[in-house]
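Work through the exercises below with the structure in view. Try each task before reading its solution.

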Amino acid sequence: MTQQERRKRLLLIQRADDQREELVSALSRLGYTVSVSDNGEAAFERFHEQTPDAVLLDLYVGEDGRRILEVLTADKREVPVIVISRRRVMADVVEALRKGACDYLMISGTIGDEKLLGHAMERAFQQGALRRENREYRSKLEAANRELLESLSHLKKDQQAGRHIQLKMLPETPKTIGKFRFHQHILPSLYLSGDFIDYFIVGDRYAVFFVADVSGHGASSAFVTVMLKNLFARKRSDFHHRHSSAILSPAHMLDKANRELIGMEIDKHVTMCVGVIDLHSDELCYSIAGHLPAPILSVDGTARYLDGHDLPVGLFPDVNYSEHRMLLPPKAVLTLFSDGILEVLNPKGVIAKEQYLLEALEDGPQTADDVIQTFRLDSIEEAPDDIAVLVVSRV
């Protein structure tokens with residue numbers, strides 16, 4: 001680019017006289033390219049054809065000065081306008097600035113110090129640059145707002161479609177694996193749920209299940225449930241094709257989910273309970289990652305919470321998850337909830353609610369439908385939080 005191409009272009013609107021000639025010469029010496037006009041119509045034509053970097057406007061160029069100022073400062077290109085005047089009238093200064101002029105120069109005689117003129121021009125260029133940046137920012141913001149409104153309108157439709165897909169991801173219910181029957185139900189507070197349940201057979205000896213409750217609601221939380229579904233599917237595939245036993249270790253699966261979720265950097269955490277049932281020995285191996293309430297085991301008219309609580313998944317990078325083992329006797333029923341169940345129980349306080357759950361499950365409802373009827377979940381029109389129910393019963 002040549003020096004000439006880098007010269008800033010000015011439009012000087014002033015009637016022809018000695019002062020204009022002196023001003024043009026001073027601006028040229030300062031390195032600017034100057035075009036001149038002495039009336040409004042010619043000025044508008046040059047302004048639109050050339051789009052100067054700045055305009056110097058004599059407020060008393062005939063009778064058009066104020067009208068020209070209003071037109072130029074209203075232009076969307078926001079070219080800075082410096083008003084020049086031969087009169088020292090403060091009312092003129094106030095009026096010019098109020099109508100959008102970026103500066104006001106009083107030149108009653110000779111130009112004087114050209115450096116002061118150069119400083120005024122540079123201030124105008126800086127202000128023009130800021131105005132253009134603001135205009136671009138406003139334009140981008142308006143475009144983003146339009147896109148957001150369009151996205152919101154699509155989201156209403158997409159949420160229902162997403163909910164349909166999420167339901168397709170859930171396992172069939174009921175499902176019998178060996179001596180155990182699995183029943184699940186999720187009551188979402190929104191179309192998309194942050195609660196998720198899965199269970200499946202691994203090899204011909206193990207049944208693996210998990211219940212997850214992702215923090216928050218909506219699409220971002222539902223996305224985490226997809227990640228968990230995929231994680232367990234990958235590890236199940238590794239068992240069958242790579243002879244990896246990771247899927248049979250609840251603690252390992254929680255550790256893997258913890259590291260993957262932290263690596264995603266989406267500010268989400270998950271409470272989970274993961275269990276593996278040995279179909280040959282009826283032994284349950286399980287891990288609990290901050291899940292509340294804890295799984296409830298009902299046998300022969302008694303109910304108790306399973307022991308063992310570690311930190312939720314997705315909060316801290318270095319967590320050691322523990323595993324617990326127990327035998328599941330005949331007629332045992334294991335019931336798992338997400339914490340949304342606590343929001344709909346009548347007793348006050350978490351301890352009273354947990355005791356209420358134990359008493360209600362002492363007889364061991366055999367299916368998720370039984371649990372729904374026991375707690376009248378089917379009568380809830382709008383749940384304050386997602387509610388997930390998984391019932392594992394030994395048949």
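**Exercise 1.** Describe how helix 3 and helix 4 cross.

Solution. The model is predicted, with pLDDT of at least 70 needed for local features and 80 or more for side-chain atom pairs, while totals for chains, interfaces and linings use all residues. Residues are numbered from 1 along each chain as its sequence is written, and side-chain values use heavy atoms, without hydrogens and water.

Step 1: find the handedness. Helix 3 crosses helix 4 in a right-handed way (the near helix is turned clockwise from the far one by less than a right angle; anticlockwise would be left-handed). Helices here are DSSP runs of H or I with at least four residues, strands are E runs of at least two, and both are numbered from the N terminus.

Step 2: take the angle and distance. Helix 3 spans residues 40-50 and helix 4 residues 65-74; their axes are 10 Å apart, at an angle of about 20°. Axes are lines fitted to C-alpha atoms over the stretch in contact, and angles run from 0 to 180 degrees between N-to-C directions. Helix 3 is therefore roughly parallel to helix 4 (under 35 degrees; over 145 is roughly antiparallel, 65 to 115 roughly perpendicular, the rest oblique).

Step 3: list the contacts (heavy atoms within 4.5 Å). Helix 3 brings Gly40, Glu41, Phe44 and Phe47, and helix 4 brings Arg67, Ile68, Val71 and Leu72. By class, that contact has five nonpolar, one polar and two charged residues (Ala, Val, Leu, Ile, Met, Phe, Trp, Tyr, Cys and Pro are nonpolar; Asp, Glu, Lys and Arg charged; the others, Gly among them, polar).

**Exercise 2.** At what angle do the axes of helix 7 and helix 8 cross?

Solution. Step 1: read the geometry. Helix 7 (residues 218-241) and helix 8 (residues 250-264) cross at roughly 135°, and their axes come within 11 Å. The two helices are therefore oblique to each other.

Step 2: look at the contact. Helix 7 contributes residues including Phe223, Met227 and Leu231, and helix 8 residues including Met253, Ala257 and Leu261. The classes are ten nonpolar, no polar and four charged residues.

**Exercise 3.** Which prolines follow a cis peptide bond?

Solution. Step 1: take proline 174. A cis bond joins threonine 173 to proline 174, with omega about -5°. Proline 174 lies in the loop between helix 6 (114-169) and strand 6 (175-177).

Step 2: take proline 293. The bond from leucine 292 to proline 293 is cis, with omega near -5°. Proline 293 sits in the loop between strand 11 (283-289) and strand 12 (296-299).
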